[in-house]
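Dear colleague,

I am handing over the structure we spoke about, and below it I have written down what was found in it. Please keep it open while you read, so that each residue can be looked up as it comes.

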Amino acid sequence: MKRLILILSLIAAPLWAVQPDEVLDDPVLESRARDLSEGLRCLVCRNESIDESNAELARDLRLLLRERLVAGDSDEQAVAYIVDRYGEYVLLKPTTTGVNWLLWLAGPLMLLAAAGMGWGFVRGRAAATPATEAALSADEQERLRRILEE
């Protein structure tokens, strides 16, 4: 029974990759670091935050973030430093400014374009005149009659 409780508690507990040697002594700074690291992407694991990832690069990013906070950077300055160094891809929620608007709008625009093309295709098929079947010639009718009589 104790094993079951232990297994269930481990499954239900959030898994963090932050190692004890990374944790800051100041609980306020550590809380800020945890909040910020939840919004930063592990560049190795793709859709995991650096707080959840066990990759070495994620550890380096966690340490870098904590260094910046200890140095006195604000939350925005610390994140900006990491974004300047690794690119905007490091953000789990990219900004919606500048050229990124094109990326944000690409999906809905493609959906509208596909819906428009589909609607045009269906309308074109409905408006098209049906292909008229050529009537059988007298020889073909006679041959068909003979085949059916056999």
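The buried residues of helix α3 pack against two other helices, α2 and α4, and please bear in mind throughout that this is a predicted model. Those buried residues are A58, L61, R62, L64, L65, R66 and L69. The length of α3 is as expected, because at 1.5 Å a residue its 15 residues should span 21 Å, and its end C-alpha atoms are indeed 21 Å apart.

Two packed helices are described by the angle between their axes and the distance between the axes. For α3 (residues 56–70) and α4 (residues 75–86), the angle is about 140° and the axes lie 9 Å apart. That angle makes α3 oblique to α4, because only angles over 145 degrees would count as roughly antiparallel. The crossing of α3 past α4 is right-handed. On the α3 side the contact is made by L57, L61, L64, L65, R68 and L69, while α4 contributes D75, A78, Y81, I82, R85 and Y86. Sorted by class, the residues of this contact are nine nonpolar and three charged, with no polar ones.

On the α2 side, one residue to look at is R32, which is found in that helix (residues 27–37). R32 counts as partly exposed because its relative accessibility is 25%. Leaving aside residues up to four places away in sequence, R32 touches L69, D73, S74 and D75. R32 and R66 are 34 residues apart in sequence, yet their C-alpha atoms are 9.0 Å apart in space.

Finally, just after α3, G72 takes a positive phi of about 105°.

With best wishes

Note on methods: Residues are numbered from 1 along each chain as its sequence is written. This is a predicted model: local features need pLDDT of at least 70, side-chain atom pairs count only at pLDDT 80 or more; totals for chains, interfaces and linings use all residues. Side-chain values use heavy atoms; hydrogens and water are left out. Axes are lines fitted to C-alpha atoms, for helices over the stretch in contact, and angles run from 0 to 180 degrees between N-to-C directions. Helices (H or I, at least four residues) and strands (E, at least two) are DSSP runs, numbered from the N terminus. Angles under 35 degrees count as roughly parallel, over 145 as roughly antiparallel, 65 to 115 as roughly perpendicular and the rest as oblique. A crossing is left-handed if the near helix is turned anticlockwise from the far one by less than a right angle, and right-handed if clockwise. Contact means heavy atoms within 4.5 Å. Ala, Val, Leu, Ile, Met, Phe, Trp, Tyr, Cys and Pro count as nonpolar, Asp, Glu, Lys and Arg as charged, and the others, Gly among them, as polar. Buried means under 20% relative accessible area, exposed over 50%, partly exposed in between (1.4 Å probe, protein chains only). The expected span of a helix is 1.5 Å times one less than its number of residues.
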